[in-house]
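Hi everyone, thanks for coming. I'd like to walk you through a structure that is new to most of you, so please have it open in front of you.

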Amino acid sequence: MPFPRHDLFDLVDAFAHTPPRCHSSELRETEDAFHLAFEAPGVLPSDVDITLDEGVLRVRGESKVERSGLNYCGKIHRAVALPAERIDPEKVQATLEHGLLHVTVRKRARAEPIKVRVATSQPAAEEKADGTTAAEDDAMDGVQ
């Protein structure tokens with residue numbers, strides 16, 4: 001049985017047109033912020049667009065590289081939904097170093113819990129040393 005014949009141009013074409021690579025990303029939450037990291041090889045800071053709208057962080061970037069007279073282009077696009085009520089849209093920072101884009105979205109300060117006092121229409125009952133009130137004692141006397 002003969003080996004299948006491959007045309008040299010078919011092999012070169014298969015390697016030259018590989019499917020787009022999905023760059024990895026990471027989301028980490030700490031007590032005070034959300035930390036995101038994206039692979040962005042060849043992307044320059046001027047080619048990155050980051051927006052935050054109603055809790056959705058969108059990251060877009062494009063790399064343009066020329067090697068051996070050929071132009072290569074790669075794109076990144078990610079959308080990450082964050083809890084809008086917990087983030088501070090005024091405190092977002094981004095850095096791009098060594099092909100990694102780091103985005104930090106700070107959380108809003110949580111409000112301190114408050115104690116809610118329950119109101120009643122009856123006069124306040126005084127509590128005795130055993131934890132009962134005079135009104136409770138009167139009610140128990142009538143049950144016996």
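Let's begin with a sheet. Four strands make up an open sheet, in the order β1-β2-β7-β6, and their pairing is antiparallel. At the edges sit β1, residues 25-29, and β6, residues 87-97, and each of these pairs on one side only. From one strand to the next, the twist averages 15°. Before I go further, please keep in mind that this is a predicted model.

For those new to sheets, a general reminder: the strands of a sheet pair through backbone hydrogen bonds, and they do so either parallel or antiparallel.

Now let's go across this sheet, starting at β1. The strand β1 pairs with β2, residues 33-39, in the antiparallel sense over five bridges. Together, β1 and β2 form a hairpin, with three residues between them. If you want to find the register by eye, look for L27, whose bridge partner in β2 is L36. Likewise, R28 stands opposite H35 in β2.

Is β2 mostly covered or mostly open? It is mostly covered: five of the seven residues of β2 are buried.

On we go to the next neighbour. β2 and β7 run antiparallel and are joined by seven bridges. Here we meet L36 again, and its bridge partner in β7 is V103. So that you can picture the residue from both sides: L36 is the bridge partner of L27, and L36 also has V103 as its partner in β7.

Let's stop at one residue of β7. T104 is found in this strand, which covers residues 100-107. Why does T104 count as buried? Because its relative accessibility is 15%, and buried means under 20%. Which residues does T104 touch, leaving aside its neighbours within four places in sequence? The contacts are A33, F34, H35, K91, V92 and Q93.

One of those contacts deserves its own moment. K91 lies in strand β6. K91 counts as partly exposed, because its relative accessibility is 49%, and exposed would mean over 50%. Leaving aside neighbours within four places in sequence, K91 is in contact with T104, V105 and R106. There is also a nice example here of how the chain brings residues together: K91 and A33 are 58 residues apart in sequence, and their C-alpha atoms are 9.6 Å apart in space.

Another of the T104 contacts is F34. Have a look at its ring: K107 lies over the face of F34, at 5.0 Å from the ring centre. How many aromatic pairs does the structure hold? The count is zero.

Now for another sheet. Three strands form an open sheet in the order β3-β4-β5, with antiparallel pairing. Its edge strands are β3, residues 43-53, and β5, residues 70-81, and each pairs on one side only. Neighbouring strands of this sheet are turned by 10° against each other on average, ignoring direction.

Let's walk across this one too. β3 and β4, where β4 covers residues 56-67, run antiparallel and are joined by seven bridges. A handy marker is T51, which has R58 as its bridge partner in β4. Moving on, β4 and β5 pair in the antiparallel sense over 12 bridges. Here your marker is K64, which stands opposite C73 in β5. What does S68 do in the hairpin of β4 and β5? With two residues between the strands, S68 takes a positive phi near 50°.

Let's zoom out to finish. The protein has two helices and seven strands. Read from the N terminus on, the elements run α-β-β-β-β-β-β-β-α.

How much of the protein counts as buried? Of the 144 residues, 18% do. The exposed area of the protein is about 12200 Å², and carbon and sulfur atoms supply 53% of it. As for contacts between residues at least 6 apart in sequence, 43% of them join residues at least 24 apart.

That's my tour. If you'd like one spot to revisit afterwards, try T104 in β7, with contacts that include F34 and K91. Thanks for listening, and I'm happy to take your questions.

Technical notes: Residues numbered from 1 in each chain as written. Predicted model: local features only at pLDDT ≥ 70, side-chain atom pairs only at ≥ 80, totals over all residues. Heavy atoms only, no water. Phe/Tyr/Trp six-rings, centres within 6.5 Å; stacked < 30°, edge-to-face > 60°. Lys NZ or Arg CZ within 6 Å of the ring centre and 35° of its normal. Pairing = 2+ DSSP bridges. Axes fitted to C-alpha atoms, helices over the stretch in contact; angles between N-to-C directions. Buried < 20%, exposed > 50% of the residue type's maximum accessible area, 1.4 Å probe, protein only. Contact = heavy atoms within 4.5 Å. Areas by Shrake-Rupley, 256 points an atom, 1.4 Å probe, with all protein chains shown as cover.
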